[in-house]
Amino acid sequence: MSKIKVAIIGCGSNANAAHIKAYLNNPNAEIKYFCDIIKEKADKAVLDSGCGEAIEDYRIALNDPEIEAVSICTPNHVHAAISIESLRAGKNVLCEKPAARTYAEALEMQKVQHKTGLVLNIGVCNRFNTGVNLIKKMITNGELGELYHVYVSFRSQRSIPGLGGTFTTKSIAGGGVLIDWGVHFLDIVMYCSGDPLPKTVTGQVYSKLGLDMPNYSYLNMWAGPPNYSGTYDVDDFVTAMIRTEGPTITLNGAWAQNIGVDEMYIDFLGDKAGIRLQYGKDFKVYGAKDGVLLETTPSYKSVDKFQNEINGFIDCIRTGEKLPSHIDSVILSSRIIQGIYDSSDLNKEIAF
Ligand SMILES: NC(=O)c1ccc[n+]([C@@H]2O[C@H](COP(=O)([O-])OP(=O)(O)OC[C@H]3O[C@@H](n4cnc5c(N)ncnc54)[C@H](O)[C@@H]3O)[C@@H](O)[C@H]2O)c1
């Protein structure tokens with residue numbers, strides 16, 4: 001069978017760290033185009049990868065009948081537009097997370113996916129993580145008993161990305177810590193608890209520590225350096241409570257807080273057992289048996305979640321299999337995130 005020809009759209013950090021490597025390692029895929037509006041980035045990707053052609057306009061790839069798939073690794077403001085244009089051009093799409101800046105944009109993407117019947121997967125890479133899948137299995141098998149609540153913390157002391165850049169400009173990113181980090185955490189919760197339908201959301205977001213940009217103190221800045229003449233109009237803290245048809249969910253997230261620890265975990269609370277997942281690391285299971293409190297750290301061999309995600313994407317183009325990262329699953333967390341922003345803006349609970 002011939003290889004699936006792919007175009008990478010957006011050759012920045014994430015494309016280089018995850019997508020490109022994974023396609024190069026997949027025997028059934030071949031990268032034909034590297035596209036970036038900054039030509040040097042596309043040129044460098046060609047040089048580093050030893051294949052493909054550098055282009056500045058993704059429409060060149062969309063007009064090429066040989067291209068079957070695109071990976072969209074651009075900032076969030078063009079996720080919806082490029083995904084929709086790609087689907088309409090007959091291409092299968094893997095679009096980075098978040099699906100889009102707003103729920104309305106994500107719905108539009110879903111509508112076009114349904115119309116075209118092509119693949120539209122979102123880069124919710126944790127759905128391809130070994131530990132996350134083990135937790136999902138334990139919950140599904142009833143090992144936690146009734147899963148009644150999930151507590152989520154994604155709080156860092158000082159970790160605002162690229163102050164004044166794309167990540168802190170609402171018209172580009174759609175939001176701050178909630179949409180950037182929260183989307184991953186919420187997605188793990190939704191996936192592990194069986195994508196339960198949300199019923200109500202109440203939340204509040206704050207833009208505090210980064211607002212006075214020149215006086216924001218930090219040790220390191222990912223996606224930096226700061227651009228003090230840029231924009232900072234996104235949330236750097238969020239708190240929310242979500243009622244679903246499954247567990248209730250509470251979350252607290254901070255790109256920056258005046259507390260000197262990073263707390264990145266998800267607590268799954270069941271009436272028989274509980275699990276704390278340390279984000280990106282391992283998990284512990286807590287329970288009790290015969291009057292004894294138990295604490296276990298499962299040991300397992302992890303696969304590379306990004307490789308798994310890309311392999312799944314390439315395979316499902318041929319097999320038609322619907323992966324857990326399909327827009328139909330991911331749309332629920334888009335809806336919840338929008339609900340939290342709306343609740344904060346309107347100062348009231350949102351019922352779905
Ligand atoms: N799944 C994950 O764990 C993960 C991790 C990091 C980033 N991301 C997501 O990946 C996306 C990119 O993030 P990043 O950190 O790589 O950002 P980045 O700024 O490093 O890269 C984005 C690239 O897209 C290019 N670009 C912008 N508009 C374009 C267009 N119209 N056509 C072609 N290229 C265009 C930019 O020039 C830039 O090189 C974001 O949506 C982010 O949320 C996901």
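Here are some notes on the ligand site, the aromatic pairs and the backbone of this predicted model.

1. A good place to start is the ligand, which sits in the largest pocket. There are 24 residues around the ligand, and those that come nearest are Ser 13, Asn 14, Asp 36, Asn 76 and Lys 97. By type, the shell divides into 11 nonpolar residues, nine polar ones and four charged ones.

2. Two helices deserve a look when you view this shell. Helix H1, residues 13-24, supplies at least two of the shell residues, and so does helix H4, residues 79-88.

3. Next, the polar contacts of the ligand. Asn 76 places a polar side-chain atom 2.7 Å from a ligand oxygen, and Lys 41 has a polar side-chain atom 3.0 Å from an oxygen atom of the ligand. With Glu 96, the partner on the ligand is a nitrogen atom, and the distance to the polar side-chain atom is 3.0 Å. As for burial, the ligand on its own has 860 Å² of accessible area, and the protein covers 85% of that.

4. Turning to the aromatic residues, the structure holds eight aromatic pairs. One I would point out is Tyr 151 with Tyr 265: the ring centres are 6.1 Å apart and the planes meet at 40 degrees, so this pair counts as tilted. The angle decides the label here, because planes under 30 degrees apart would be stacked and those over 60 edge-to-face. The pair also links distant parts of the chain, since Tyr 151 belongs to strand E7 (residues 147-155) and Tyr 265 to strand E11 (residues 263-270), with the two positions 114 residues apart.

5. For the backbone, please check the peptide bond from Lys 97 to Pro 98, which is cis with omega near -10 degrees. Pro 98 lies in the loop that runs between strand E5 (92-95) and helix H5 (103-116). Lys 97 also appears in point 1, among the residues that come nearest to the ligand.

6. Another cis peptide bond leads from Gly 224 to Pro 225, and its omega is near 0 degrees. Pro 225 is in the loop between strand E8 (198-206) and strand E9 (237-244).

7. Finally, which residue has a positive phi although it is not a glycine? That is Asp 195, with a phi of about 50 degrees. You will find Asp 195 in the loop between helix H8 (177-192) and strand E8.

Key. Residues numbered from 1 in each chain as written. Predicted model: local features only at pLDDT ≥ 70, side-chain atom pairs only at ≥ 80, totals over all residues. Heavy atoms only, no water. Near = heavy atom within 4 Å. Polar contact = N/O pair within 3.5 Å; in protein donor to acceptor, adjacent residues only side chain to side chain. Areas by Shrake-Rupley, 256 points an atom, 1.4 Å probe, with all protein chains shown as cover. 1 Å grid on protein atoms, 1.4 Å probe; cavity = no way out; pocket = protein on both sides within 12 Å on 5 of 7 lines; lining within 4 Å. Sits in = over half its atoms within 2 Å of the grid points. Helix = DSSP H or I, 4+ residues; strand = E, 2+ residues; numbered from the N terminus. Nonpolar A, V, L, I, M, F, W, Y, C, P; charged D, E, K, R; others polar. Phe/Tyr/Trp six-rings, centres within 6.5 Å; stacked < 30°, edge-to-face > 60°.
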